[in-house]
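The exercises below are meant to be worked through with the sequence and the model side by side. Please try each task before reading its solution.

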Amino acid sequence: MAAKPRFHNDAVAASDAAPDSTAAPTTDPADRKHPVDETLPPLKLFTSGLQHVAAMYAGVVAPPMIVGAAVGLSAKETAFLMGASLFTAGLATLLQTLGIWRIGARLPFVNGVSFAGVTPMVAIGKDRGHDGIAVILGAIIVAGLLGFLLAPYFCKLIRFFPPVVTGTVITLIGVSLLPVAFNWAQGGNAKASDYGSATNITMGAVTMVIVLALRKLLRGFLQQIAILLGLVAGTLIAIPVGITDFSALGDAGLVGFPTPFHFGAPRFEVAAIVSMCVVMLVSMTESTADMLALGRIVGRPADERTIEGGLRADTLGSALSPLFNGFMCSAFAQNIGLVAMTKVRSRFVVAAGGGILIVLGLVPVAASVIALVPLPVLGGAGIVLFGTVASSGIQTLATAALEKGENALIVAAALGVGLIPIAAPEFYHALPKDLLVVLDSGISTGCVVAVLLNLAFNHLGAGTADREQPDRGAAEAREQTTAAASPAAAH
């Protein structure tokens, strides 16, 4: 049932019932829209949506850039692939935020190209040109359809995610993203001569300080778009420093539609399909964790139906993306940090970001303007964003009663295993490459370890008294998220 307008209907009803009354009209809190479902004025909607696009842009264009180079595409074809990824990311984000039928989480949930698929896609298409892209796209279509069919069953895993598990996974999401920000702050390309230079690191530090200062000094809407303002300020400072590249503006076309099946009809090879199906399962695991994290942050805990809708949007978006030459879509965890930091919880803001992504995919010259933001500048802002996600996980762990039972041990082991790909990237180098799709994702491995240990210590063979403790932690978490969703907390 749609919620009533927040003040208008009540004011009219009050005036009709008692036209001579001098009492101020009151609004029943039950009639207020949840902050997730509120709309903002057009300017705020656009600028807040643009802020989400700025935070995710580099993550969307990086996978097609890597895959395009690996399969042997020309620079022009790789740019086409990047535009297609922006376009399909926008479509998937709209599907996720606005929803159709039981498809879409209807949360401020951003979708884009999954990094989890980069390694297997490179292995599938390396040096095969257009044929390689056709095989990759065929495998993604099958994996997406399989994931869509599995979504109603996969979402039932939510029962295995009490606060001790969700807190651990949310923390891992933030910590796993921080190396991305560090890489950006150094310049993004480890082979470049200026990678890790004092100039790049200083620009990252300056941007981070600007963002923190703006968050401290500004109020209201300007404080909410502090990340966007910080990126603009950092980019302007980077111009005289000499690390802002304007060449993309001259090379970009005015209009460029991602022609369906530009690289040929999709091809279906068994080995490629198996690889991408494994990636799909990994992406679904990470998306489930991301939805649980986002639901907690916005004060609308993700239940089975929400997760089912979100997974359906992920998988359907992935199955449809190859039509427009796009890759597998999944949640972008960095944007969860943006929601947590800005406190702007409206899903329509992210939907506006999805619309902007579609425009960027159709107008390459517009996309090149966003690309003007130097990676060191983006890295400085990213440290704040991704650190915010980790701090949200720590807040969740505070409700998990770590002093009781073996909860502290669960967190210790899951965090330890989840940090292996970050702290020791070559740790699994001697294992079969097929296993690396899962093992190289600290979020997935940490999540699996947390779930299994929670089952072992808090459920299997445990008495009634032992099982009550995780339930109390979950109840405390629900109470806090309910309080966060109340009108008083929202305003």
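**Exercise 1.** Is Ser321 buried or exposed?

*Solution.* The structure is a predicted model, in which local features need pLDDT of at least 70 and side-chain atom pairs count only at pLDDT 80 or more, whereas totals for chains, interfaces and linings use all residues. Residues are numbered from 1 along each chain as its sequence is written, and side-chain values use heavy atoms, with hydrogens and water left out. Begin by locating Ser321, which sits in the loop between α12 and β2 (329-331); helices (H or I, at least four residues) and strands (E, at least two) are DSSP runs, numbered from the N terminus. Next, apply the cut-offs: buried means under 20% relative accessible area, exposed over 50%, and partly exposed in between, with a 1.4 Å probe and protein chains only as cover. Because its relative accessible area is 3%, Ser321 is buried. Finally, list its contacts (heavy atoms within 4.5 Å): leaving aside neighbours within four places in sequence, Ser321 is in contact with Thr88, Gly326, Phe327 and Cys329.

**Exercise 2.** Which parts of the chain does the salt bridge between Arg347 and Asp37 tie together?

*Solution.* A salt bridge is a side-chain nitrogen of Lys or Arg within 4 Å of a carboxyl oxygen of Asp or Glu, and the structure holds eight of them. In the pair of Arg347 and Asp37, the closest N and O atoms are 2.9 Å apart. Arg347 lies in helix α14 (residues 347-362) and Asp37 in the loop between α1 (8-17) and α2 (42-71), so the bridge ties together parts that are 310 residues apart in sequence. Arg347 counts as buried because its relative accessibility is 12%.

**Exercise 3.** Describe the salt bridges of Glu308 and the surroundings of its partners.

*Solution.* Take first the bridge to Arg102, where the N to O distance is 3.5 Å. Arg102 lies in the loop between α3 (75-97) and β1 (111-113) and Glu308 in helix α12 (residues 304-320), so this pair ties together parts that are 206 residues apart in sequence. Arg102 counts as partly exposed at 32% relative accessibility, while Glu308, at 10%, counts as buried. Then take the bridge between Glu308 and Arg312, whose closest N and O atoms are 3.0 Å apart. These two residues are four residues apart in helix α12, and are therefore separated by about one helical turn; both Glu308 and Arg312 are buried.

**Exercise 4.** Check the length of helix α14 and determine how far it is covered.

*Solution.* The expected span of a helix is 1.5 Å times one less than its number of residues. For the 16 residues of α14 this gives 22 Å, and the end C-alpha atoms are 23 Å apart, which agrees. The helix is mostly covered, since twelve of its 16 residues are buried, among them Val349, Ile356 and Leu360. At the N-terminal end, Ser346 caps α14, with a side-chain oxygen 3.1 Å from the backbone nitrogen of Phe348.

**Exercise 5.** Which residues does Val135 touch, not counting residues up to four places away in sequence?

*Solution.* Val135 is found in helix α5 and is buried, with a relative accessible area of 0%. It touches Ile124, Arg128, Arg267, Glu269 and Ala272. Val135 and Arg267 are 132 residues apart in sequence, yet 4.6 Å apart in space, C-alpha to C-alpha.

Note on methods: Polar contact = N/O pair within 3.5 Å; in protein donor to acceptor, adjacent residues only side chain to side chain.
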